[in-house]
Amino acid sequence: MTLSRPAKDAGEPFMSIAARIHEVPDNLLAAIDYCYEKGWTDGLPVVPPTLERVHATLEHEGRPPETVIATHPATGLELSLHAAAVNAVMAGCLPEYFPVLVAAFEAMDKPDFNFHGSTASTGGSAPLLIVSGGYADDIGMNADVNLFGPGNRANATIGRAVRLILRNVFQMVPGISDKSTQGHPGKYSFCIAERMRGNPWPLLCEAQGYPKGVSSVTVFAAGGFCNVENHGGNTPQQVLSAIADAMASYGCITLGQSVVILAPEHMRILADAGWSREETQAYLFMHAKRAVEGMRGVGKYRASEYEKQHGALAHQLVETGYVHRGLAPEDILITLGGGDAGGHSCFIPSWSRGRGSIMQHKPIGVCIDCK
Amino acid sequence: MQLYDPTTSGPQRELLRAPPLTSLDGKTIGILENGKLNATEMLRELARLFEDRHGCKVHAAYSKSNASAPAPAQILKKAADEVDFLITGLGD
């Protein structure tokens with residue numbers, strides 16, 4: 001395995017791309033209004049993308065600005081580093097956040113993520129970004145109290161930049177090409193850091209096999225957030241049974257993947273009992289299930305899906321007569337996040353009801369085995 | 001003040017529409033179902049209307065396993081070679 005950073009372009013970095021430039025009055029509020037008038041915002045004011053700020057952002061990426069990092073599979077629209085930087089500035093990103101955004105779109109560009117479907121569908125998904133490793137600390141991301149809430153610039157603006165790129169570059173415009181029936185608040189911004197402090201398990205970037213010191217971003221086409229409260233449970237089984245119940249709710253259960261962010265209080269119960277990530281995944285997979293009869297009762301049973309889960313390639317933990325959430329324990333990403341106080345973990349379902357989008361990850365700011 | 005345009009994409013691919021059919025009468029129909037619940041039933045019912053009203057014939061049914069991803073190029077090419085027009089759409 002070779003590790004490299006993208007080589008710095010020796011020539012003039014900003015002359016080789018035919019980016020359009022708009023002349024606006026030297027008035028900040030007028031410039032913000034101009035961005036509204038052009039339809040470039042998510043409904044909130046944006047930072048006007050001045051040339052200087054965009055150039056400063058591109059300083060954190062060594063490749064030429066016209067480098068394409070993602071392509072829309074249905075329309076052919078392409079995301080260049082330059083366009084990504086423009087939208088990052090508009091979202092309020094500091095330049096040092098840029099490598100996270102770039103890695104996120106490189107991950108979303110993998111075919112199995114299917115970012116056309118996950119951004120166009122009535123299902124109303126948002127790409128959830130989970131940043132793992134030291135880079136999150138380097139740029140001041142929040143992995144702690146109020147994890148999914150407001151208050152941290154990096155979390156808020158990196159997630160927001162994703163949405164602005166989807167809207168402005170890929171033209172996933174609500175009501176036209178984004179057909180979300182209801183959407184969810186994560187479509188404004190959905191970006192967190194994995195908590196390292198007090199985490200008894202290998203970090204995601206380690207579990208994903210990246211070399212020591214390399215951080216990663218995981219992208220997941222996510223449905224809405226489901227809080228799982230349990231202040232009375234004091235065993236792994238009690239805590240996890242509440243989470244499994246949320247995962248198996250009739251409104252959520254599918255063959256899709258899952259993200260579970262364990263609150264520190266809940267994680268401590270698992271750690272004290274010596275449970276590993278793999279044991280926890282297995283427990284949740286075994287218990288996040290619904291009887292076929294019940295699935296039929298609500299009109300959600302499909303023989304083809306049951307066969308997919310119970311056929312020749314069925315996981316050994318699959319139970320006859322039940323539909324489990326996902327196809328295998330590995331379909332459940334579990335890690336630590338949130339503040340020290342409170343028995344509030346969360347489950348986040350996939351947008352995909354089947355295998356229409358599979359979560360992906362990429363290293364941040366480095367190239368592995370690149371030519 | 002100068003602002004960069006945030007909507008800039010790469011060079012656009014040239015996308016061409018197929019020429020419209022001058023008549024539906026007697027044409028062959030392909031059905032592209034997307035794997036969604038009821039998609040096949042809905043599309044076959046629609047094809048039946050074309051058969052009744054325009055004397056069309058259903059020549060082939062094609063399918064794709066992922067409703068939300070573009071149809072694989074080889075399926076579209078096969079359909080283009082075999083039928084005059086294709087019916088597709090969502091189920092659910």
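**Contacts between chains A and B, and the nonpolar cores**

In this predicted model, 35 residues of chain A are in contact with 16 residues of chain B. Several elements of chain A build its side of this interface. Strands E2 (21–23) and E4 (78–80) each supply at least two residues. Helices H2 (51–58), H3 (81–91), H5 (115–120) and H7 (153–168) of chain A each do so too. The largest share comes from H3(A), with four residues. By class, the side of chain A that touches chain B has 19 nonpolar residues. Eleven polar and five charged residues are also part of that side.

Strand pairing also links the two chains. E2(A) is joined to strand E1 (residues 2–4) of chain B by three bridges. The two strands run antiparallel. Within this pairing, Glu23(A) has Gln2(B) as its bridge partner in E1(B).

The nonpolar cores were examined next. The largest one has 105 residues. Ala84(A), Leu101(A), Ala104(A) and Leu129(A) have the most contacts inside this core. Two domains of chain A contribute to the core. Domain 1 (1–222 + 358–371) and domain 2 (224–349) each provide at least three of its residues. A second core, separate from the largest, has eight residues. Among them are Ile29(B), Ala39(B), Leu43(B) and Val83(B).

Leu101(A) shows how one core residue is surrounded. Neighbours within four places in sequence are left aside here. Leu101(A) is then in contact with Ala84(A), Ala88(A) and Cys93(A). Ile158(A) and Ala161(A) are also in contact with Leu101(A). One of these partners, Ala84(A), is itself listed with Leu101(A) among the residues with the most contacts inside the largest core.

Technical notes. Residues numbered from 1 in each chain as written. Chains lettered and ligands numbered in written order. Predicted model: local features only at pLDDT ≥ 70, side-chain atom pairs only at ≥ 80, totals over all residues. Core = buried A, V, L, I, M, F, W, Y, C linked by C-beta atoms within 7 Å. Buried ≥ 20, exposed ≤ 12 C-beta atoms within 10 Å, placed from the backbone. Domains from an automatic or database assignment. Contact = placed C-beta atoms within 7 Å. Nonpolar A, V, L, I, M, F, W, Y, C, P; charged D, E, K, R; others polar. Pairing = 2+ DSSP bridges.
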